[in-house]
Amino acid sequence: MSDLLKLTAVEARAGLDSRAFSSVELTQAYLDAVTATRPLNQFVTETADKALEMAAASDARLAKAEAGLLEGLPLGIKDLFCTKAVQTTACSAILKGFVPEYESHVTDQLWQAGGVLMGKLNCDEFAMGSSNETSVFGPPVNPWSKDGGPALTAGGSSGGSAAAVASRAVLLATGTDTGGSIRQPAAFCGVVGMKPTYGRCSRWGIVAFASSLDQAGTFSRTVADSALMLQAMAGHDPRDSTSANLPLPDCQAAVTAGVKGLKIGIPEEYVMDGMDPAIMALWEQGQKWLVEAGAELVPVSLPHTRYALPCYYIIAPAEASSNLARYDGVCYGLRVEAESLDEMYAATRSAGFGEEVRRRILIGTYALSAGYYDAYYLKAQKVRQLIARDFETAFASVDAILTPATPSAAFALGSKQQDPITMYLNDVFTVPASLAGLPGISVPAGLSEAGLPLGLQVLANKFAEDRVYQVAGALEAAAGFTLAPPRAAGEVQ
Amino acid sequence: MSVDKDTVKKIARLARIAVPEDQTETLAGELNGILNWIAELEQVDTEGVPPLASVTGHPLPLRADQVTDGEQPESVLANAPEQASSFFVVPKVVE
Amino acid sequence: MSDKANLVAGRSGPFEVVIGMEVHAQVVSEAKLFSGASAKFGGGPNAHVSLVDAAMPGMLPVINEACVRQAVRTGLGLNAQINLVSVFDRKNYFYADLPQGYQISQFQQPIVGEGSIRIDLADGSSHEIGIERLHLEQDAGKSLHDQHPTKSYIDLNRSGVALMEIVSRPDLRSAEQAAAYIKKLRSILRYIGSCDGNMEEGSLRADVNVSVRRPGAPLGTRTETKNLNSVRFITQAIEYEVQRQIEIIEDGGEIIQETRLFDTQTGMTRAMRSKEDAHDYRYFPDPDLLPLVLEQALVDELAGQLPELPDQIRARMTEEYGLSSYDAAVLTEERETALYYEQASSGQDRKLVANWMTSELFGALNKAGLDLSASPVGPEQLGRLVALVSDGTISGRIAKDVFAEMFESGGEPEQIIEEKGLKQVSDSGAIEALIDQVLADNQDKVDDYRGGKDKLFGFFVGQVMKASGGQANPGMVNQMLKAKLDA
């Protein structure tokens, strides 16, 4: 059975098409894996019955040759996506018990493509965090954590998604990325994490964190699997005013198109003081691989890079403070009873939101409040403009940009909780592209000294996901990263 | 720009988040830490730079004036903490 | 702008009143501003509600094109600047009937900029009232406080319905001017068809900012009285606020800038009990929406399709038809009235038709409690009745009886005149016979008249008319009587 878990999504699709195995068999193998990896705390809601039902329906469609792109493939869904009749909490106490009456656009597309829902995956509360430790359900454990060693973070905010794909509890998973919430956990768990261009996937039905930054994306074990999944997820949705009405380029073909003749930008500002030497070495190795594959390296400058994090930590909390005002105990979600309406609001929101969420709401409220709007929010949106222009300038002369995905490998759970800023620094390489709305991917490319996975990030211009996949495909081929984590389902520990 | 205890109370009240008296000091310190870090932005010359309005660059799409939704009070109220006769119910509001 | 006529006397001297108004006008549309739920008034609790209106997690706003067009058309009707780029902001505050925790509104860049409205007062004066801006925003839901002793009930049917907030400059100087302003604004909105103007249902309601000052002094502190939904309440609230503020100032007190509520029972205002957060609404551009960009071509197209507005029609009525500006104002207040008048007076004596409408028709409608749209007498019928007076077929007095009959039965004027034999008698032989009879019966008075009592002439006219059953042509009676008596 466990051999099924070793297949990539593309391979599994081929196997289903050729009737080598059924979706029910594949799904059952993964359900067993879900059970086996429960100690990793990846799922917050398991939907085994629904999964088998959907798998049986997939088998019926496969038999009639009506199969969709993801027909019969077991998927995990970050608990930020609203799923009809399946509890959706954003891993917050304030939404415990909330059962949406609607299906998010992205998940709807996935079910239309034949995907099988395995359950809802752990994440940081309202996607606010870089270690998945703000989840009301507790953090997932990185499957790369060694026996006897400290439990490592799977990254955040989509930690459950990254961990579940890495531990082979699901074949593919959705994530959302606001400042790095797909790319950073993917790097920490040794899987591929893709954040498409802002506007590529509809935000309709995804619990909002920071509306101008949130974007859904994919977790997979290979670059080709990511391209396959994105093909199913992406698409214009008239219910989201920021959804782009542009066709997705042929990403699946791009994966194997090679990088011959491509110009790859290497941003000088991404060399940081105190950077892990292994990360620096991997970055240089990545550049070498691309040159060997026929690409040309071009030094580029993104001068406002150092301001990206402070800029992000104004804009995201400001938007969040407003987006999270709807959790007030009136129409849905937690209510803590009190005498007056105002007391009910305060009691509900204090009990319902965790510490980090409360902190960001307060920061955001302050940044927007009278007298500070210009100094903080407006200033940040101007700096954001400059950051976007930096990239525009760079992409006038290069096809893609290569950077490290994270400044370090996965760290131990609990090790960075004292100081919020230390935690925020995790997003240093991923946040600039988020602010500019650019597509970016994290590809596992090597190991740290401690034997933990490290990722490289590829960025491209807006709506040029095909370029991202071209470069990512070349890196993947050169790196040959096929290691499974020690705590993956089916691995001997 | 620095946040004192009173400011913490004011913004907590605006955000409808109860902050216990004994935590206002700690929270003020934390917020100041973050704000000092954010203050780095002051160094950036943004003279004449318009704020970013949208990263995608397309104009606001308009929808046709048609009734396509609603008439589903059961769905609207399905997750209500308290309801009566298809109304949401809250503690009495005094205007 | 100090205007002596509008000063209000206090114990210690005169005060000047300064009023600005923020009017919320519900946009005429099928669906809500940012959701596909119906914008219709009424419905069962939470019936006209989409998951967007209930602010469910992940729900997003998409703007209704018709609401945008209505705002632009209204802006054009207010002679206002149309902003080709405008921005939707979030106005953040907590309230039970505001599920999002913010209202989507427009703050720094509204869709419509400066414009103006002309108001005409009963004393014949006209005033230009500045419009500061018009913006689009969402309405909130409704809280019902009388259903339960310790609970409020929330209905979101109104939540998300499109409103235009129309903000005036503080150019109004009296309750009368404020009343004229709201009436004129209502009239323009109804002509354009962007708001039905139904104040009872809350489609049009006003927040009134009032302050007082000594003539020539800087602006005083103002209060804002919210949600006034009739012209009478607006007038009452302003009058009350003016007196209250003057008394406070004269007693050495200070006016507190605050939001007040109007009690329709007592006609008084009171401060809102609920604490407000010093209006720290933390406005910022709604990241779920993008800037609204309009093409000049669309604005031009909408301008070209705009109906004739009351000021234009009024100018035509006074200049071309020779109506008094009072009559013209009355006839243009409602678009239906103006259309009725145009139809009734087409090809007729314009002034005579105006008189008939403002006196007989409006009087009868008023008495019967009917709207013009339900009038039993249609515009063509009224026009024909007036024509029959003009050409001497019937006298003006008879016409009033005919009108009453028409109003009662809905009949045609010609038919009523025919059936009742009301046609004016212009046969000189018949009239002469009547005159001879009257003179013969009153020989003593004839002698008195001829002896110098000129005033008796009216008596003879009356007698002859009476003898004719009112149908004799009064002009001919006059002329022939005079000839006989003076012979």
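In this predicted model, 56 residues of chain A are in contact with 38 residues of chain B. Five helices of chain A each supply at least two residues of the side that touches chain B: helix 11 (308-323), helix 12 (341-352), helix 13 (355-368), helix 14 (374-395) and helix 15 (420-424). Helix 14 of chain A gives the most to this side, with 11 residues. By class, the side of chain A that touches chain B comprises 33 nonpolar, 14 polar and nine charged residues.

Chain B also touches chain C, in a contact that takes 35 residues from chain B and 44 residues from chain C. On the side of chain B that touches chain C, at least two residues each are supplied by helix 1 (5-14), strand 1 (62-63), helix 3 (73-77) and strand 3 (87-91) of chain B. The largest share, five residues, comes from strand 3 of chain B. The residues of this side of chain B divide into 19 nonpolar, eight polar and eight charged.

Strand 3 of chain B is also paired across the contact: four bridges join it to strand 10 (residues 151-155) of chain C, and the two strands run antiparallel. Within this pairing, Val90(B) has Ser152(C), in strand 10 of chain C, as its bridge partner.

The residue classes on three contact sides are set out below.

| Side | Nonpolar | Polar | Charged |
|---|---|---|---|
| Chain A, touching chain B | 33 residues | 14 residues | nine residues |
| Chain B, touching chain C | 19 residues | eight residues | eight residues |
| Domain 1 of chain C, touching domain 2 of chain C | two residues | two residues | four residues |

The last row concerns a contact inside chain C. Chain C is divided into domain 1 (4-300), domain 2 (308-420) and domain 3 (428-486). The C-alpha centres of domain 1 and domain 2 of chain C lie 36 Å apart, and the contact takes eight residues from domain 1 of chain C and eight residues from domain 2 of chain C. On the side of domain 1 of chain C that touches domain 2 of chain C, the elements giving two or more residues are strand 7 (115-120) and helix 2 (175-192) of chain C. Helix 2 of chain C gives the most to that side, with five residues.

Chain A itself has 17 helices and 11 strands. Its C-alpha atoms fill a box of roughly 65 × 55 × 50 Å, taken along the principal axes. The radius of gyration of chain A is 21 Å, which agrees with the value near 23 Å that a compact globule of 493 residues would have. Of the 493 residues of chain A, 67% count as buried. Among contacts in chain A between residues at least 6 apart in sequence, 77% join residues at least 24 apart.

Val44(A) provides a local view of this chain. Val44(A) is placed in strand 1 (residues 43-46) of chain A. Val44(A) counts as buried because it has 24 C-beta neighbours inside 10 Å, where 20 or more are required. Leaving aside neighbours within four places in sequence, Val44(A) is in contact with Asp79(A), Thr89(A), Cys91(A), Lys120(A), Leu121(A), Asn122(A) and Phe137(A). Val44(A) and Thr406(A), 362 residues apart in sequence, are 26 Å apart in space, C-alpha to C-alpha.

Definitions and conventions. Residues numbered from 1 in each chain as written. Chains lettered and ligands numbered in written order. Predicted model: local features only at pLDDT ≥ 70, side-chain atom pairs only at ≥ 80, totals over all residues. Contact = placed C-beta atoms within 7 Å. Nonpolar A, V, L, I, M, F, W, Y, C, P; charged D, E, K, R; others polar. Pairing = 2+ DSSP bridges. Domains from an automatic or database assignment. Buried ≥ 20, exposed ≤ 12 C-beta atoms within 10 Å, placed from the backbone. Rg over C-alpha atoms; globule rule 2.2 N^0.38 Å.
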